[in-house]
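Here is a quick walk through one protein model, written for someone who would rather be at the bench. Have the sequence and the 3D view open as you read.

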Amino acid sequence: MRTLTRRAILGSLPLYAAAGHALSAAATDRPRSFTVFDGLIYKPMPDLRNLGMPKLLDIGSIWSPGIPKSQVDPTGIRTAVAAVRRRGLTRYYFDLEEWTVSGAPREVIDANIQKLARTAEIARQSAPQLKFGFYDQAPRGNYWPIITNNQKELAEWYSINRSSAIIAAKVDYLFPSLYTFYDDPAGWELTSRAVIKEARQYGKPVYPFLMPEFHDSNAKLRDTQIPPEFWRRQLELCRELADGLVIWGGWLRLWDEEAPWWVETKSFMASLGYSVSRVF
């Protein structure tokens, strides 16, 4: 596993050095709206709306039986959107990682961008009153090219992000992924600032996805909760730079009212002015 010290990270990144690495206390005091969405899937899952956390729903599958996932399926999209509407929810997101916008030939990426844009058009026509966005699209998350200041890979990322503007133009919200792959707060903050900066170029509200565990692609840290002080740093950075955030996680997990990440989250919600208490 590759690891870098904070000194190495800061010294190797002139492109982003000007962005800064310390959270601004003044920025967190700005009088503006900030929404923390509940995207959690623990069992049993409490209702967090009383804590100021509205539910954000994953729309789920958008393909009718027998339709390959390589195709846009208007009937499947309309059916999925109708299910959201029947549940009385007003916001949802698509998780369409099948249509990648990174790590593939450019012609594949460009075709996927068109598929995502078409999906957004159909969803909007199906329920104009509902608000939605795509998880980890426009922009796609990034890590090592930022850490290593790889100019070639960064240029490709910027180019794809510019092409993805047609996606951003058709959604209400942007949901970049800021999941944590390494126990490296400085590296996480550096890359997260860059990703949020890219998201801001589209002129839409930005709600990054956070997860209170390390990403399961890291075999040494999977199933491990992010230390509470690191987790609070993530919450505060989103408060500084974004319009809110989405907390996702809990796959095959039981809800734990005393989990350190949740205790820290309730403290954060209290700092936003919400009254917090036990949810069970």
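## Salt bridges, a pocket and a greasy patch

Let's start with a charged pair: Arg253 and Asp223 meet side chain to side chain in a salt bridge, with N and O 2.7 Å apart. This pair ties together distant parts of the chain, 30 residues apart. Arg253 sits in the loop between strand S6 (244-249) and helix H9 (260-271), while Asp223 belongs to the loop between strand S5 (209-210) and helix H8 (228-241). Keep in mind that this is a predicted model.

How open are the two partners to the outside? Arg253 is partly exposed, with a relative accessible area of 24%, whereas Asp223 counts as exposed because its 55% is over the 50% cut-off.

The whole structure holds 19 salt bridges. Here are three of them, each linking distant parts of the chain.

| Pair | Closest N to O distance | Separation in sequence |
|---|---|---|
| Arg253 and Asp223 | 2.7 Å | 30 residues |
| Arg232 and Glu264 | 2.8 Å | 32 residues |
| Lys69 and Glu98 | 3.8 Å | 29 residues |

Take Arg232 and Glu264 next: their salt bridge has its closest N and O atoms 2.8 Å apart. The pair runs from helix to helix, with Arg232 in helix H8 and Glu264 in helix H9. Arg232 counts as buried, since its relative accessibility of 17% falls under the 20% cut-off. Elsewhere, Glu189, Arg193, Arg233 and Glu240 are joined into one network by salt bridges that share partners.

Lys69 and Glu98 make a loop-to-loop contact, and their closest N and O atoms are 3.8 Å apart. Lys69 lies in the loop between strand S2 (57-58) and helix H2 (74-86), and Glu98 in the loop between strand S3 (91-94) and helix H3 (106-126). Lys69 is partly exposed at 47% relative accessibility, and Glu98 is partly exposed too, at 40%.

Now for the pocket. The largest one has a volume of about 960 Å³. It is lined by 44 residues, and the closest to its centre are Glu97, Tyr135, Asp136, Ser177 and Tyr179. What kinds of residue make up the lining of the largest pocket? The split is 23 nonpolar, eleven polar and ten charged. Strand S1 (35-40), S2, helix H5 (151-163) and helix H7 (185-200) each put at least two residues into that lining.

On the surface, Ile41, Trp251 and Leu252 form a nonpolar patch, with about 370 Å² of accessible area together. Leu252 sits in the loop between S6 and H9, the loop that also holds Arg253. Leu252 counts as exposed because its 73% relative accessibility is over 50%.

Two buried residues round things off. Glu198, in helix H7, counts as buried at 12% relative accessibility. Its C-alpha is 7.5 Å from that of Asn161, although the two residues are 37 apart in sequence. Met211 is found in the loop between S5 and H8 and counts as buried at 9%. Met211 and Ile226 are 15 residues apart in sequence, with 8.6 Å between their C-alpha atoms.

Key: Residues numbered from 1 in each chain as written. Predicted model: local features only at pLDDT ≥ 70, side-chain atom pairs only at ≥ 80, totals over all residues. Heavy atoms only, no water. Salt bridge = Lys/Arg side-chain N within 4 Å of Asp/Glu carboxyl O. Helix = DSSP H or I, 4+ residues; strand = E, 2+ residues; numbered from the N terminus. Buried < 20%, exposed > 50% of the residue type's maximum accessible area, 1.4 Å probe, protein only. 1 Å grid on protein atoms, 1.4 Å probe; cavity = no way out; pocket = protein on both sides within 12 Å on 5 of 7 lines; lining within 4 Å. Points joined across faces, edges and corners; volume = space filled by probe spheres on them. Nonpolar A, V, L, I, M, F, W, Y, C, P; charged D, E, K, R; others polar. Patch = residues over 30% accessible without salt bridge, like charges linked within 9 Å, V, L, I, M, F, W, Y side chains within 5 Å. Areas by Shrake-Rupley, 256 points an atom, 1.4 Å probe, with all protein chains shown as cover.
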